[in-house]
Amino acid sequence: MLSEPSRVCCSIATRRDHSDSTVLPSSPKKKQEQIAYLLHLCTKLCPTPVDDSLQALVREKPPPEDSEVAFTVSAPKFFNPAAPDFDMSDVDSRRSEPANRQKNLFRRELQEQSLLPQLRSYLRLYTAIPLKKLASFQEVDERTLQEMLMCGKHKTWQMERGSEPSPLSGAFKSCGDVEFQIENDVVHVTTQRQSGRKYAETFLRNIQKLETLLVRLQN
């Protein structure tokens, strides 16, 4: 889910480091800002460890607090493949119908996941917790809690890209930061993913930035 946006962000950041930011065209800057917004929305809906450089890019330009506004600004342009009938009086509303449909789907996704962040925060505190106790934390009954847990499982089930060159290739895996299973009315937290930081790449990237800065100062 994050592989292609991350690749584009890193490519634009590398280009920025090797050139003067004042002469960098505005189009790549705007595209980097849009993709940073998308990365923020992706990690908000499905918390996943990301590289430190990507976190820094997101922090440079914080997205709007309203997720719908961030989605409207950063999402691809949606259009209807059929030619509009310009003789109809509501041609303008029909033109915006594809974008409105996507925003409605995004709004529904936010509503479905509104209670999941709190649920994940409780799961991080335990290695095993009874359904009844977890339901009391969430102030819901056990049946509703099971539905929430299954919703969390479903929402974090994403396609993870492998070594194949195609961006649409890969296998479906659980990409959430917390993995769990239910057995005998007890929720067992099996894995809490830790951020796998690549320290060598981080050091090399900072050294490269320092060398670029020294060259600019000498010139």
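These exercises work through the fold, salt bridges, backbone and surface of one protein model.

The model is predicted: local features need pLDDT of at least 70, side-chain atom pairs count only at pLDDT 80 or more, and totals for chains, interfaces and linings use all residues. Residues are numbered from 1 along each chain as its sequence is written, and side-chain values use heavy atoms, with hydrogens and water left out.

**Exercise 1. Overall description**

Task: State how many helices and strands the protein has, and what share of its residues counts as buried.

Solution.
Step 1. Helices (H or I, at least four residues) and strands (E, at least two) are taken as DSSP runs, numbered from the N terminus. The protein has ten helices and five strands.
Step 2. Buried means under 20% relative accessible area, exposed over 50%, and partly exposed in between (1.4 Å probe, protein chains only). Of the 219 residues, 28% count as buried.
Step 3. Accessible areas come from the Shrake-Rupley method with a 1.4 Å probe, and for residues only the protein chains shown count as cover. The accessible surface of the protein comes to about 14,600 Å², and carbon and sulfur atoms hold 55% of that surface.
Step 4. A contact means heavy atoms within 4.5 Å. Of the contacts between residues at least 6 apart in sequence, 56% join residues at least 24 apart.

**Exercise 2. Salt bridges**

Task: Find the salt bridges, and say which helices the partners lie in and which residues form one network.

Solution.
Step 1. A salt bridge is a side-chain nitrogen of Lys or Arg within 4 Å of a carboxyl oxygen of Asp or Glu. Side chains of opposite charge can pair when their charged atoms come close. The count by this rule is three salt bridges.
Step 2. Glu 68 pairs with Arg 107, with the closest N and O atoms 3.0 Å apart. This pair links distant parts of the chain, since Glu 68 is in helix α4 (residues 67-74) and Arg 107 is in helix α6 (residues 97-112), 39 residues apart. Glu 68 is partly exposed, at 27% relative accessibility, and Arg 107 is partly exposed at 29%.
Step 3. Lys 155 forms a salt bridge with Glu 109 (3.2 Å, N to O). Lys 155 lies in helix α9 (residues 142-155) and Glu 109 in helix α6, 46 residues apart. Lys 155 counts as buried because its relative accessibility is 11%, whereas Glu 109 is partly exposed at 24%.
Step 4. Lys 155 also meets Glu 112 in a salt bridge (2.7 Å, N to O). Glu 112 is in helix α6 and Lys 155 in helix α9, so this pair ties together parts that are 43 residues apart in sequence. Glu 112 is partly exposed, at 39% relative accessibility.
Step 5. Through shared partners, Glu 109, Glu 112 and Lys 155 are joined into one network of salt bridges.

**Exercise 3. A buried arginine**

Task: Is Arg 120 buried or exposed, and which residues does Arg 120 touch?

Solution.
Step 1. Arg 120 is placed in helix α7 (residues 116-123).
Step 2. Arg 120 counts as buried because its relative accessibility is 10%.
Step 3. Leaving out residues up to four places away in sequence, Arg 120 touches Leu 45, Pro 47, Gln 113, Thr 156 and Asp 177.

**Exercise 4. Positive phi**

Task: Describe the place and exposure of Glu 139 and Asn 184, which have positive phi values.

Solution.
Step 1. Most residues other than glycine have a negative phi, and most peptide bonds are trans.
Step 2. Glu 139 has a phi near 60 degrees. Glu 139 sits in the loop between α8 (131-138) and α9, and is exposed, with a relative accessible area of 72%.
Step 3. Asn 184 has a phi near 55 degrees. Asn 184 belongs to the loop between β4 and β5 and counts as exposed at 70% relative accessibility.

**Exercise 5. Surface patches**

Task: Which residues form the negative patch, and which make the nonpolar patch?

Solution.
Step 1. Patches are made of residues with over 30% relative accessible area and no salt bridge; like charges are joined within 9 Å, and nonpolar side chains (Val, Leu, Ile, Met, Phe, Trp, Tyr) within 5 Å. Lys and Arg count as positive and Asp and Glu as negative, while His and the chain ends are not counted. The place of a charge is NZ of Lys, CZ of Arg, CG of Asp or CD of Glu.
Step 2. Asp 141, Glu 142, Glu 147 and Asp 185 form the negative patch. Asp 185 lies in the loop between β4 (178-183) and β5 (186-192).
Step 3. Leu 210, Leu 213, Leu 214 and Leu 217 make a nonpolar patch of about 410 Å². Leu 213 is in helix α10 (residues 199-218) and is partly exposed, with a relative accessible area of 45%.
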